[in-house]
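Welcome! Here is a friendly tour for anyone meeting this structure for the first time. Have the sequence and the 3D view ready, and follow along topic by topic.

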Amino acid sequence: MVHPYANQRIGLATMHGKECALAAPFRRVLGARIVVPPLDTDALGTFSGEVPRPDALVETALLKAEMVFEAMPDVDCALASEGSYGPIERLPLVPGGVELLAFVDRKHGIRHVETMATHRTTWRLQRFAKGDPDRLLALKGMGFPRFGVFVVCSSDMSRPIKNLATVDEVIAAMDREAERSQDGLAVLYSDMRAHKNPMRMLVLRAAGFRLAKRLQRLCPKCHAPGYGPIGSRRGLPCEACGEPTHWIDFEIDGCSVCGHAVSRPRKDGRRTAPRRSCKACR
Ligand SMILES: [Zn+2]
Ligand SMILES: [Zn+2]
(Lines give C-alpha, C1' and ligand atoms only; values in the text may rest on other atoms or scores of the structure.)
(Ligands and ions follow the chains in the order given, each with its own letter.)
Protein backbone atom coordinates (compact mmCIF):
# COMPACT_ATOMS: atom_id res chain seq x y z
CA MET A 1 0.00 0.00 0.00
CA VAL A 2 1.36 3.41 -0.99
CA HIS A 3 1.69 5.89 1.87
CA PRO A 4 -0.66 8.90 1.45
CA TYR A 5 2.32 11.28 1.78
CA ALA A 6 4.50 9.60 -0.86
CA ASN A 7 5.37 12.18 -3.53
CA GLN A 8 3.31 14.80 -1.66
CA ARG A 9 4.54 18.30 -0.92
CA ILE A 10 4.71 19.39 2.71
CA GLY A 11 4.99 23.15 3.27
CA LEU A 12 7.52 24.13 5.92
CA ALA A 13 7.25 27.48 7.71
CA THR A 14 10.80 28.69 8.15
CA MET A 15 12.97 31.69 7.44
CA HIS A 16 16.01 30.08 8.96
CA GLY A 17 16.94 27.23 6.64
CA LYS A 18 15.27 24.49 8.68
CA GLU A 19 14.66 22.54 5.47
CA CYS A 20 18.34 21.53 5.71
CA ALA A 21 17.47 19.54 8.84
CA LEU A 22 13.95 18.38 7.97
CA ALA A 23 14.02 17.49 4.27
CA ALA A 24 15.94 14.23 4.77
CA PRO A 25 13.65 12.64 7.40
CA PHE A 26 10.49 13.34 5.41
CA ARG A 27 12.02 12.20 2.13
CA ARG A 28 13.59 9.03 3.52
CA VAL A 29 10.76 7.88 5.77
CA LEU A 30 7.70 9.04 3.82
CA GLY A 31 8.94 9.85 0.31
CA ALA A 32 7.52 13.36 0.77
CA ARG A 33 9.07 16.61 -0.41
CA ILE A 34 9.54 19.61 1.89
CA VAL A 35 8.82 22.94 0.21
CA VAL A 36 9.37 26.38 1.74
CA PRO A 37 6.91 29.18 0.96
CA PRO A 38 7.97 32.83 1.30
CA LEU A 39 6.81 33.79 4.82
CA ASP A 40 7.67 36.29 7.51
CA THR A 41 7.67 33.86 10.44
CA ASP A 42 9.71 36.30 12.54
CA ALA A 43 6.47 38.26 12.95
CA LEU A 44 5.39 35.49 15.36
CA GLY A 45 8.35 35.81 17.70
CA THR A 46 12.07 35.39 17.49
CA PHE A 47 14.94 34.07 19.53
CA SER A 48 16.35 37.49 20.28
CA GLY A 49 13.88 38.33 23.01
CA GLU A 50 12.44 36.46 25.96
CA VAL A 51 12.45 32.68 26.10
CA PRO A 52 8.87 31.64 25.29
CA ARG A 53 6.94 29.20 27.46
CA PRO A 54 6.47 25.64 26.17
CA ASP A 55 2.65 25.89 25.95
CA ALA A 56 2.99 29.03 23.84
CA LEU A 57 5.32 27.12 21.53
CA VAL A 58 2.53 24.76 20.41
CA GLU A 59 0.22 27.65 19.56
CA THR A 60 2.91 29.54 17.67
CA ALA A 61 3.91 26.46 15.70
CA LEU A 62 0.29 25.76 14.72
CA LEU A 63 -0.15 29.41 13.67
CA LYS A 64 2.92 29.13 11.48
CA ALA A 65 1.48 25.98 9.88
CA GLU A 66 -1.68 27.95 9.06
CA MET A 67 0.49 30.61 7.41
CA VAL A 68 1.77 27.91 5.07
CA PHE A 69 -1.77 27.13 3.87
CA GLU A 70 -2.40 30.81 3.19
CA ALA A 71 0.79 31.06 1.15
CA MET A 72 0.30 27.70 -0.62
CA PRO A 73 -3.41 27.02 -1.24
CA ASP A 74 -2.64 23.83 -3.21
CA VAL A 75 -0.72 22.17 -0.35
CA ASP A 76 -2.57 19.98 2.18
CA CYS A 77 0.22 19.38 4.71
CA ALA A 78 2.22 21.91 6.70
CA LEU A 79 5.08 21.65 9.14
CA ALA A 80 6.36 24.26 11.58
CA SER A 81 8.90 24.17 14.37
CA GLU A 82 9.50 26.16 17.49
CA GLY A 83 12.39 25.91 19.87
CA SER A 84 13.03 27.19 23.34
CA TYR A 85 16.46 27.29 24.90
CA GLY A 86 17.86 28.68 28.08
CA PRO A 87 18.61 27.68 31.63
CA ILE A 88 16.22 24.97 32.76
CA GLU A 89 14.15 26.32 35.65
CA ARG A 90 14.68 23.30 37.88
CA LEU A 91 18.45 23.30 37.36
CA PRO A 92 19.30 26.97 36.92
CA LEU A 93 22.90 26.48 35.85
CA VAL A 94 22.34 23.73 33.28
CA PRO A 95 21.42 24.98 29.83
CA GLY A 96 18.91 22.93 27.91
CA GLY A 97 16.11 23.21 25.45
CA VAL A 98 13.14 21.78 23.71
CA GLU A 99 12.38 21.52 20.02
CA LEU A 100 8.77 21.23 18.98
CA LEU A 101 7.52 20.17 15.56
CA ALA A 102 3.88 20.68 14.60
CA PHE A 103 2.39 18.85 11.62
CA VAL A 104 -1.02 19.66 10.16
CA ASP A 105 -2.79 17.68 7.43
CA ARG A 106 -5.90 19.70 6.67
CA LYS A 107 -7.29 17.15 4.21
CA HIS A 108 -7.36 14.26 6.68
CA GLY A 109 -7.83 16.45 9.77
CA ILE A 110 -4.56 15.37 11.39
CA ARG A 111 -2.61 17.47 13.86
CA HIS A 112 0.45 16.02 15.43
CA VAL A 113 2.94 17.71 17.74
CA GLU A 114 6.29 16.11 18.48
CA THR A 115 8.59 17.48 21.16
CA MET A 116 12.21 16.67 21.83
CA ALA A 117 14.00 17.84 24.94
CA THR A 118 17.74 18.11 24.76
CA HIS A 119 20.85 19.05 26.64
CA ARG A 120 22.73 19.25 23.36
CA THR A 121 22.93 23.01 23.23
CA THR A 122 25.59 25.66 23.47
CA TRP A 123 23.20 28.17 25.03
CA ARG A 124 25.11 30.70 27.19
CA LEU A 125 24.45 34.16 28.58
CA GLN A 126 27.23 36.20 30.18
CA ARG A 127 27.84 39.84 31.13
CA PHE A 128 31.08 41.74 30.51
CA ALA A 129 32.48 45.21 31.23
CA LYS A 130 34.19 47.23 28.52
CA GLY A 131 37.66 45.86 27.76
CA ASP A 132 37.20 42.70 29.89
CA PRO A 133 40.00 40.32 28.79
CA ASP A 134 37.68 37.29 29.19
CA ARG A 135 35.46 38.41 26.31
CA LEU A 136 37.47 36.56 23.66
CA LEU A 137 37.59 33.30 25.60
CA ALA A 138 33.82 33.43 26.22
CA LEU A 139 33.19 34.05 22.55
CA LYS A 140 35.37 31.10 21.58
CA GLY A 141 33.60 28.92 24.16
CA MET A 142 30.28 29.69 22.51
CA GLY A 143 31.57 28.34 19.21
CA PHE A 144 31.64 31.68 17.39
CA PRO A 145 31.62 32.14 14.40
CA ARG A 146 30.16 28.67 13.57
CA PHE A 147 27.53 29.44 16.20
CA GLY A 148 25.95 32.91 16.18
CA VAL A 149 25.81 35.35 19.11
CA PHE A 150 23.73 38.36 20.10
CA VAL A 151 25.02 41.39 21.99
CA VAL A 152 22.78 43.68 24.02
CA CYS A 153 22.99 46.46 26.59
CA SER A 154 22.55 45.04 30.12
CA SER A 155 20.19 47.79 31.32
CA ASP A 156 18.04 47.75 28.17
CA MET A 157 17.68 44.27 26.66
CA SER A 158 14.99 45.29 24.17
CA ARG A 159 17.25 45.85 21.16
CA PRO A 160 19.80 43.04 20.69
CA ILE A 161 22.40 43.38 17.95
CA LYS A 162 22.13 40.50 15.48
CA ASN A 163 24.09 39.10 12.54
CA LEU A 164 27.54 39.99 13.88
CA ALA A 165 29.97 38.28 11.50
CA THR A 166 33.48 38.72 12.87
CA VAL A 167 35.20 38.67 16.28
CA ASP A 168 36.09 42.35 15.85
CA GLU A 169 32.47 43.24 15.21
CA VAL A 170 31.32 41.39 18.33
CA ILE A 171 33.97 42.95 20.57
CA ALA A 172 33.20 46.45 19.24
CA ALA A 173 29.47 45.92 19.80
CA MET A 174 30.08 44.64 23.35
CA ASP A 175 32.16 47.66 24.31
CA ARG A 176 29.65 50.06 22.80
CA GLU A 177 26.70 48.43 24.63
CA ALA A 178 28.67 48.24 27.91
CA GLU A 179 29.43 51.93 27.68
CA ARG A 180 25.80 52.96 27.35
CA SER A 181 24.52 50.49 29.99
CA GLN A 182 23.62 51.81 33.45
CA ASP A 183 25.62 49.01 35.10
CA GLY A 184 28.52 49.29 32.62
CA LEU A 185 27.93 45.78 31.29
CA ALA A 186 27.17 44.25 27.92
CA VAL A 187 25.33 40.95 27.61
CA LEU A 188 26.69 38.29 25.27
CA TYR A 189 24.33 35.39 24.53
CA SER A 190 23.74 32.62 22.02
CA ASP A 191 21.86 33.22 18.80
CA MET A 192 19.57 30.18 18.75
CA ARG A 193 18.09 30.78 15.32
CA ALA A 194 18.44 27.48 13.49
CA HIS A 195 20.68 28.75 10.69
CA LYS A 196 23.10 30.18 13.26
CA ASN A 197 23.22 27.03 15.36
CA PRO A 198 24.46 23.72 13.89
CA MET A 199 23.65 21.83 17.08
CA ARG A 200 20.02 22.93 16.93
CA MET A 201 19.91 21.65 13.37
CA LEU A 202 20.96 18.20 14.65
CA VAL A 203 18.21 18.17 17.28
CA LEU A 204 15.66 19.31 14.68
CA ARG A 205 16.73 16.52 12.38
CA ALA A 206 16.27 13.95 15.16
CA ALA A 207 12.82 15.39 15.96
CA GLY A 208 12.01 15.27 12.23
CA PHE A 209 12.81 11.55 12.05
CA ARG A 210 10.66 10.89 15.11
CA LEU A 211 7.70 12.77 13.61
CA ALA A 212 8.10 11.20 10.15
CA LYS A 213 8.17 7.71 11.70
CA ARG A 214 5.03 8.48 13.67
CA LEU A 215 3.28 9.61 10.47
CA GLN A 216 4.54 6.53 8.66
CA ARG A 217 2.24 4.25 10.68
CA LEU A 218 -1.28 4.08 9.26
CA CYS A 219 -4.39 3.47 11.34
CA PRO A 220 -5.42 -0.21 10.92
CA LYS A 221 -9.05 0.88 10.67
CA CYS A 222 -9.23 4.11 8.60
CA HIS A 223 -5.66 4.14 7.18
CA ALA A 224 -4.99 7.73 8.31
CA PRO A 225 -1.28 8.45 8.98
CA GLY A 226 0.00 8.99 12.50
CA TYR A 227 -1.27 5.92 14.35
CA GLY A 228 0.69 5.33 17.55
CA PRO A 229 1.00 5.83 21.31
CA ILE A 230 -1.62 8.18 22.74
CA GLY A 231 -1.40 7.36 26.40
CA SER A 232 -1.09 4.73 29.07
CA ARG A 233 -3.01 3.30 32.00
CA ARG A 234 -1.44 2.90 35.43
CA GLY A 235 -2.18 0.16 37.94
CA LEU A 236 0.28 -2.67 37.25
CA PRO A 237 -0.47 -5.19 40.05
CA CYS A 238 2.00 -5.64 42.91
CA GLU A 239 4.06 -8.85 42.68
CA ALA A 240 3.31 -9.71 46.31
CA CYS A 241 -0.31 -8.71 47.03
CA GLY A 242 -1.80 -7.96 43.60
CA GLU A 243 -2.98 -4.46 44.53
CA PRO A 244 -2.68 -1.87 41.73
CA THR A 245 0.46 0.32 41.85
CA HIS A 246 1.37 3.58 40.09
CA TRP A 247 3.38 1.61 37.52
CA ILE A 248 2.09 1.61 33.94
CA ASP A 249 -0.12 -1.43 33.23
CA PHE A 250 -1.10 -0.88 29.59
CA GLU A 251 0.09 1.36 26.77
CA ILE A 252 -2.56 2.66 24.38
CA ASP A 253 -2.11 3.11 20.63
CA GLY A 254 -4.68 5.24 18.88
CA CYS A 255 -5.79 7.15 15.79
CA SER A 256 -6.62 10.84 16.12
CA VAL A 257 -8.88 10.76 13.04
CA CYS A 258 -11.35 7.88 13.67
CA GLY A 259 -10.74 7.36 17.40
CA HIS A 260 -9.74 3.71 17.01
CA ALA A 261 -7.60 2.68 20.01
CA VAL A 262 -6.02 -0.54 21.21
CA SER A 263 -4.29 -1.19 24.51
CA ARG A 264 -1.25 -3.39 24.64
CA PRO A 265 0.86 -4.77 27.47
CA ARG A 266 4.13 -3.08 28.48
CA LYS A 267 6.97 -3.34 25.99
CA ASP A 268 9.33 -4.72 28.63
CA GLY A 269 7.03 -7.70 29.28
CA ARG A 270 6.51 -6.96 32.99
CA ARG A 271 3.18 -8.24 34.31
CA THR A 272 3.74 -7.24 37.97
CA ALA A 273 5.27 -4.28 39.80
CA PRO A 274 8.05 -4.67 42.40
CA ARG A 275 6.90 -4.95 45.98
CA ARG A 276 8.80 -1.79 47.01
CA SER A 277 6.53 0.31 44.74
CA CYS A 278 3.37 -1.00 46.47
CA LYS A 279 1.62 1.20 49.03
CA ALA A 280 -0.23 -1.76 50.56
CA CYS A 281 2.96 -3.74 51.19
CA ARG A 282 5.00 -0.91 52.68
ZN1 LIG B 1 1.67 -5.16 47.47
ZN1 LIG C 1 -8.26 5.77 12.19
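Domain bounds, as used here, come from an automatic or database domain assignment. By that assignment the protein chain splits into domain 1 (9-121 + 196-216), domain 2 (125-190) and domain 3 (228-277). Between the C-alpha centres of domain 2 and domain 3 there are 51 Å. Please keep in mind that this is a predicted model.

**The whole chain**

- The protein chain holds 5 helices and 12 strands.
- Its C-alpha trace spans about 65 × 60 × 25 Å along the principal axes.
- How many of the 282 residues count as buried? The share is 32%.
- Among contacts in the protein chain with a separation of 6 or more, 64% are between residues 24 or more positions apart.

**Helix 1**

- Helix 1 covers residues 19-30, which makes 12 residues. From its first C-alpha to its last it reaches 15 Å, close to the 16 Å expected at 1.5 Å a residue.
- Which residues of helix 1 are buried? They are Ala21, Leu22, Pro25, Phe26 and Leu30.
- These residues lie on the same side of helix 1, because they cover an arc of only 105° around the axis.
- A general point helps here: an α-helix has 3.6 residues a turn, so residues three or four places apart point the same way.
- Right after helix 1 comes glycine 31, with a positive phi near 70°.

**The sheet of 4 strands**

- This open sheet has its strands in the order 6-9-7-8, and the pairing is antiparallel.
- Strand 6 (125-129) and strand 8 (156-161) are the edge strands, each pairing on one side only.
- On average, neighbouring strands of this sheet are turned by 30° against each other, direction ignored.
- Helix 4 (residues 167-180) packs on the sheet and touches strand 6, strand 7, strand 8 and strand 9. The direction of helix 4 makes about 20° with that of strand 7.
- Strand 7 (residues 149-153) and strand 9 (residues 185-190) run antiparallel and are joined by 5 bridges.
- Which residue of strand 9 stands opposite valine 151? It is leucine 188.

**Arginine 146**

- Look for arginine 146 in the loop between helix 3 (135-141) and strand 7.
- Is arginine 146 buried or exposed? A residue with 12 or fewer other C-beta atoms within 10 Å of its own is exposed. Arginine 146 has 11 C-beta neighbours inside 10 Å, and therefore counts as exposed.
- Lysine 18 is 128 residues away from arginine 146 along the chain, and their C-alpha atoms are separated by 16 Å.

**The sheet of 3 strands**

- Another open sheet is formed by 3 strands in the order 10-11-12, with antiparallel pairing.
- Its edge strands are strand 10 (228-234) and strand 12 (261-265), and each pairs on one side only.
- Here, too, neighbouring strands are turned by 30° against each other on average, direction ignored.
- How many bridges join strand 11 (residues 248-254) to strand 12? There are 5, and the two strands run antiparallel.
- Aspartate 253 has valine 262, in strand 12, as its bridge partner.

Definitions and conventions:
Residues are numbered from 1 along each chain as its sequence is written. Chains are lettered from A and ligands numbered from 1 in the order in which they are written. This is a predicted model: local features need pLDDT of at least 70, side-chain atom pairs count only at pLDDT 80 or more; totals for chains, interfaces and linings use all residues. Two strands pair if DSSP finds at least two bridges between them. Axes are lines fitted to C-alpha atoms, for helices over the stretch in contact, and angles run from 0 to 180 degrees between N-to-C directions. Two residues are in contact if their C-beta atoms, placed from the backbone, lie within 7 Å. A residue is buried if 20 or more other C-beta atoms lie within 10 Å of its own, exposed if 12 or fewer, and partly exposed in between; C-beta atoms are placed from the backbone. The expected span of a helix is 1.5 Å times one less than its number of residues. The arc is that of the directions from the helix axis to the C-beta atoms.
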